[in-house]
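Here is a short guided look at one protein chain, written for someone meeting it for the first time. Keep the view open beside the text and follow along.

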Amino acid sequence: GRQSGQPRGGVAGRKYQAFVRTRTAAAQLQEVTLLPLDPLRVVVRTEAAQCCYSDTGRALGTTLAAAGSGAFGQATVLGHGGIGIVEAVGSMVKRVQVGDRVIVSNTAQCGECYNCLRGRADHCLLNGAPLLPVAQLGDGTPVVQWNNEGGYSELMVPYENRCVPVFTTVPPREMAILHCVGGCGLGATMTLAPIEPASDVVVFGAGPLGLSAIQGARIKGAAQIIAVEPIRARREVAMKVGATIALDPNA
């Protein structure tokens with residue numbers, strides 16, 4: 001059971017720093033104020049969050065519309081999830097408790113819908129939930145989070161179905177690679193296009209996503225994993241994490 005005295009929503013009014021993008025301006029660090037906590041949401045104190053290449057245009061103001069953004073018609077905290085410590089939970093939250101270290105995933109996993117119950121949590125039916133405000137700017141403007149996560153912030157306020165408790169001594173900055181890029185790469189070779197044992201696999205590109213796909217192929221038991229990557233340093237890393245051969249496409 002939960003320990004007594006754990007915060008279960010009495011966090012409204014708390015101020016924190018967040019990297020906020022609006023429809024008319026590039027992202028900038030702003031102080032925001034937390035709104036009352038939704039019964040199914042969790043307040044997470046961010047320890048680390050990795051940056052996706054797709055965030056660059058959003059941060060600079062060159063990307064006007066993208067999936068999940070609402071075309072930036074609202075003030076939006078950027079970031080694809082992260083890793084941190086749970087500091088408060090909504091009144092209906094049951095899968096995490098205050099003090100847990102959690103990965104805030106870029107996709108939902110409710111564990112109860114049609115797809116989750118059939119081993120395809122990557123297609124959880126709760127993905128694509130509407131963006132609802134979790135905070136407000138000093139002038140009262142409502143603030144939502146990118147994909148309801150907002151990792152570029154001192155606090156994340158995700159739904160509990162995106163929180164995965166982890167119990168490890170691995171540093172948060174290393175674990176953070178799993179919440180989006182690492183999860184995408186692993187998912188590519190483990191669920192989206194699952195690798196059969198003893199099969200041969202070619203991965204084009206050994207950046208963070210490709211390196212994760214290589215590790216997914218290794219975990220699934222591939223016999224030969226060929227990494228195709230023009231950058232030597234990345235080829236060397238690929239060989240360390242599971243590739244059996246690394247090729248330079250320009251050679």
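At what angle do helix 3 and helix 4 pack, and how far apart are their axes? Keep that question in mind while looking at the model, which is a predicted one.

## Helix 3 against helix 4

Two packed helices are described by the angle between their axes and the distance between the axes. Helix 3 covers residues 181-192 and helix 4 covers residues 208-219; they pack at an angle of about 40°, and their axes are 7 Å apart. Helix 3 is therefore oblique to helix 4. Their crossing is right-handed.

Which residues meet here? From helix 3 come Val 181, Gly 182, Cys 184, Gly 185, Leu 186, Thr 189 and Met 190, and from helix 4 come Pro 208, Leu 209, Ser 212, Ala 213, Gln 215, Gly 216, Ala 217 and Ile 219. Sorted by class, this contact between helix 3 and helix 4 holds nine nonpolar and six polar residues, with no charged ones.

## Helix 4 against helix 5

Helix 4 also packs with helix 5, which spans residues 232-241: the two axes come within 9 Å and cross at roughly 25°. That angle makes helix 4 roughly parallel to helix 5, because angles under 35 degrees count as roughly parallel. This crossing, too, is right-handed.

On the helix 4 side, the contact involves Pro 208, Leu 211, Ile 214, Gln 215 and Arg 218. They meet Arg 234, Val 237, Ala 238 and Val 241 of helix 5. The contact of helix 4 with helix 5 divides into six nonpolar residues, one polar residue and two charged residues. Pro 208 and Gln 215 are worth finding in the view: they belong to the contact with helix 3 and also to the contact with helix 5.

## A barrel of five strands

Now turn to the strands. In what order do the five strands of the barrel close? The order is 1-2-7-8-4, and the pairing is mixed.

Start with strand 1 (residues 15-21), which runs antiparallel to strand 2 and is joined to strand 2 by six bridges. A hairpin of six residues connects the two strands, and Tyr 16 stands opposite Val 32 in strand 2. Strand 2 (residues 28-34) then pairs antiparallel with strand 7 (residues 135-136) through two bridges, with Thr 33 opposite Gln 136. Strand 7 is joined to strand 8 by two bridges, again antiparallel, and here Ala 135 stands opposite Val 143. Strand 7 and strand 8 form a hairpin with five residues between them, and Gly 140 in the turn has a positive phi of about 90°.

Strand 8 (residues 142-145) and strand 4 (residues 75-77) pair in the parallel sense, over three bridges. Val 77 stands opposite Gln 145 in that pairing. Strand 4 and strand 1 complete the round, running antiparallel and joined by two bridges, with Arg 21 opposite Thr 76.

## An open sheet

Five strands form an open sheet in the order 9-3-5-6-10, and the pairing is antiparallel. Which strands lie at the edges? They are strand 9 (155-156) and strand 10 (163-165), and each pairs on one side only. Within the sheet, strand 3 and strand 5 run antiparallel and are joined by six bridges. The bridge partner of Arg 45 in strand 5 is Ile 85. In a regular strand the side chains alternate between the two faces of the sheet.

## A salt bridge between two strands

Side chains of opposite charge can pair when their charged atoms come close. How many salt bridges does a search of the whole structure find? The search finds seven.

One salt bridge links the side chains of Arg 45 and Glu 87, at 2.7 Å from N to O. Arg 45 sits in strand 3 (residues 42-48) and Glu 87 in strand 5 (residues 82-89), so the pair links distant parts of the chain, 42 residues apart. Arg 45 thus appears in two roles: as the bridge partner of Ile 85 and as the salt-bridge partner of Glu 87.

Terms used
Residues are numbered from 1 along each chain as its sequence is written. This is a predicted model: local features need pLDDT of at least 70, side-chain atom pairs count only at pLDDT 80 or more; totals for chains, interfaces and linings use all residues. Side-chain values use heavy atoms; hydrogens and water are left out. Two strands pair if DSSP finds at least two bridges between them. Helices (H or I, at least four residues) and strands (E, at least two) are DSSP runs, numbered from the N terminus. Axes are lines fitted to C-alpha atoms, for helices over the stretch in contact, and angles run from 0 to 180 degrees between N-to-C directions. Angles under 35 degrees count as roughly parallel, over 145 as roughly antiparallel, 65 to 115 as roughly perpendicular and the rest as oblique. A crossing is left-handed if the near helix is turned anticlockwise from the far one by less than a right angle, and right-handed if clockwise. Contact means heavy atoms within 4.5 Å. Ala, Val, Leu, Ile, Met, Phe, Trp, Tyr, Cys and Pro count as nonpolar, Asp, Glu, Lys and Arg as charged, and the others, Gly among them, as polar. A salt bridge is a side-chain nitrogen of Lys or Arg within 4 Å of a carboxyl oxygen of Asp or Glu.
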